[in-house]
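Hi there,

Here is the structure I promised to pass on. Have a look at it first, and my notes follow underneath.

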Amino acid sequence: MEILALMRVFENRSSAGDLQRITEIMRGTLGEDALSWITGNHRAAESMLNEWDGTWGNGVESLSVGLLLHKFNDYRMMELIRIVDQDPRFSLEAWERANPEDQKIILQEYMATLMPIFGVNVDPVIEFFTELPNDDGLITLGRYRHTVGAGTVRVNDWILENWDAERSYDAAFNTIRHELRHAYQDWAVDKPENFPVLQNIHDVWKSNMERHGGHYIFEGNERESGAGVYTYEEYRNQPREVDAFAFGRMRIWEEYV
Ligand SMILES: [Zn+2]
């Protein structure tokens, strides 16, 4: 895979020349429109760089190259997902015609079709659970549970019965992509040789994984400092979630909220 080799070459470099070179390669491979889509949201990119640089000690330029390549690969994955999304089985019309039990089957098929794109090995059977929104109206749409060599995607089926078809369609398909991206993060950390993800991005994800001694934020949990509880924004802005939300929404760059 050409991109994997390129990423290895640039992984530990930190010069503006490298950034220029990789930009030229991407321009040649993808064309101007795709490149501007990948690099388009400079503000989001900058805020990520500002957050990551101080904490993990990587040079900003090195991280820029890494992120650019990371987003290049994300772009290619999203292109493939867009093709899947054209399939009539996964259309809003098919969803509207289906009852909740049939909608679960549609979601299973969607996930099975996306798994090879994400390159992850998860149980193809979605584990459905039922959980109501909390007092603030926030609802947990899904979860991903990982063990080495396997994983399970869980989806909240409450929305299938209680939301209108358009809303549940958007949320459910978004959740499958979001949770598969969490699977991707875990698989990339476990099997780095199989995924074009840079070491500094592994480090960021690991620092956000409890099984690697990292710290994962749950909204409503007590802060370690004892100063109150974590907010939704803090949950939402941790690195693994920013990355997974971007994939759920099919955006290359996800703004911090
Ligand atoms: Zn998530």
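A good place to start is the hairpin of strand 2 and strand 3, which has 2 residues between the strands; there, Gly149 takes a positive phi near 90°. Please keep in mind that this is a predicted model.

The two strands of that hairpin run antiparallel and are joined by 6 bridges. One pairing you can look up is His146, whose bridge partner in strand 3 is Gly151.

Strand 3 (residues 150-156) also pairs with strand 1, this time in the parallel sense, over 3 bridges. Here Glu127 has Arg154 of strand 3 as its bridge partner. As general background, strands of a sheet pair through backbone hydrogen bonds, either parallel or antiparallel.

Put together, the 3 strands make an open sheet with mixed pairing, in the order 1-3-2. Strand 1 (127-129) and strand 2 (142-147) are the edge strands, each pairing on one side only. From one strand to the next, the twist averages 25°. Helix 9 (residues 165-190) packs on this sheet and touches strand 2 and strand 3, with its direction at about 25° to that of strand 2.

Helix 7 (residues 100-118) is worth a look too. Its 19 residues reach 26 Å from the first C-alpha to the last, close to the 27 Å expected at 1.5 Å a residue. Which residues of helix 7 are buried? They are Gln103, Leu107, Tyr110, Met111, Leu114 and Phe118. Just after helix 7 comes Gly119, with a positive phi of about 70°.

Happy browsing, and best wishes!

Note on methods: Residues are numbered from 1 along each chain as its sequence is written. This is a predicted model: local features need pLDDT of at least 70, side-chain atom pairs count only at pLDDT 80 or more; totals for chains, interfaces and linings use all residues. Two strands pair if DSSP finds at least two bridges between them. Helices (H or I, at least four residues) and strands (E, at least two) are DSSP runs, numbered from the N terminus. Axes are lines fitted to C-alpha atoms, for helices over the stretch in contact, and angles run from 0 to 180 degrees between N-to-C directions. Two residues are in contact if their C-beta atoms, placed from the backbone, lie within 7 Å. The expected span of a helix is 1.5 Å times one less than its number of residues. A residue is buried if 20 or more other C-beta atoms lie within 10 Å of its own, exposed if 12 or fewer, and partly exposed in between; C-beta atoms are placed from the backbone.
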